[in-house]
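Reader: I'm new to this, so could we go through a protein model together? I'll ask, and you walk me through it.

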Amino acid sequence: MQVKERKGTMRLSTILRHAAIVGTASLTLSIAGAGGASASASADKTLSGSCSSDPKGFSGSARYYFNGVGRDVFTKFTYAIGGRAGSKTDVAIDVYSDKNNAPDTWWSGWSTDKAKVGTKSVTVSIPASSKDKVYVKFWVRWDLPGLDPTCSFQTKRI
């Protein structure tokens with residue numbers, strides 16, 4: 001009888017251990033699934049800025065979070081183009097680390113040469129070291145007859 005009780009106890013503990021593992025896995029999936037890449041202990045933060053060339057406006061924002069492993073992870077970029085834009089208006093967005101007196105480190109970026117007037121969001125995942133101050137550079141060149149006006153800005157460093 002002792003063997004059966006032990007077997008039953010072991011079976012129950014195994015079941016509880018498996019339930020805990022499955023419960024943890026589904027909790028992790030539901031956190032990651034609910035907010036995309038925002039499974040972090042801290043809330044998402046946004047860096048933003050704007051510029052204009054003539055009366056044409058351009059603005060952008062970068063959503064990011066700290067993932068607790070020494071990285072800031074940029075998860076979404078939004079940009080808005082004002083004025084007229086031709087069929088090949090260029091937009092470039094890049095994430096950098098400020099290295100003080102050394103050249104800044106480029107982590108990654110996104111670009112298109114087919115942007116149109118209006119607001120567009122791009123979902124990405126660009127990790128950058130949180131040991132350094134990071135920032136985002138936005139750049140646009142309107143595709144218009146004659147000279148193509150440009151403007152750019154960078155966000156504050158975090």
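Reader: Which residue stands opposite serine 52 in strand 2?

Author: This is a predicted model, and in it strand 1 covers residues 45-53. Strand 2 takes in residues 56-66 and runs antiparallel to strand 1, with nine bridges joining the two. In strand 2, the residue across from serine 52 is glycine 57.

Reader: Okay, and which strands stand at the edges of the open sheet?

Author: The open sheet has four strands, paired antiparallel, in the order 1-2-3-6. Two of them have just a single partner strand each, so one side of each is left without a neighbour in the sheet. Those edge strands are strand 1 and strand 6 (118-129).

Reader: How many residues apart in sequence are the parts that the cysteine pair ties together?

Author: A search of the whole structure turns up one disulfide. It joins cysteine 51 to cysteine 151, with 2.2 Å from S to S. Cysteine 51 sits in strand 1 and cysteine 151 in strand 8 (residues 150-154), so the parts tied together are apart in sequence by 100 residues.

Reader: Is that link of cysteine 51 and cysteine 151 left-handed or right-handed?

Author: Look at the angle about the S-S bond, which is 65 degrees. That makes the link of cysteine 51 and cysteine 151 right-handed.

Reader: And are those two cysteines buried or exposed?

Author: The cut-off to know is that a residue under 20% relative accessible area counts as buried. Across the protein chain's 158 residues, 29% are in that group. Both cysteine 51 and cysteine 151 are buried.

Reader: Which residues have the most contacts inside the largest nonpolar core?

Author: In soluble globular proteins, nonpolar side chains tend to be buried together. Here the largest nonpolar core has 25 residues, and strands 1, 2, 3, 4, 6, 7 and 8 each supply at least two of them. One core residue, phenylalanine 58, has contacts beyond its sequence neighbours that include Cys51, Cys151 and Trp139. The residues with the most contacts inside the core are Phe58, Phe74, Phe77 and Val136.

Reader: Where is the pLDDT below 50?

Author: Over the protein chain, pLDDT averages 73, and 71% of the residues score at least 70. One stretch falls below 50, and beyond near neighbours in sequence it has nine contacts in the model. Where pLDDT is low, the predicted coordinates should not be read in detail. The stretch with pLDDT below 50 is residues 1-41.

Conventions. Residues numbered from 1 in each chain as written. Predicted model: local features only at pLDDT ≥ 70, side-chain atom pairs only at ≥ 80, totals over all residues. Heavy atoms only, no water. Pairing = 2+ DSSP bridges. Disulfide = S-S within 2.5 Å. Buried < 20%, exposed > 50% of the residue type's maximum accessible area, 1.4 Å probe, protein only. pLDDT = per-residue confidence, 0-100. Contact = heavy atoms within 4.5 Å. Core = buried A, V, L, I, M, F, W, Y, C linked by side-chain atoms within 4.5 Å. Lists of a residue's contacts leave out its neighbours within four places in sequence.
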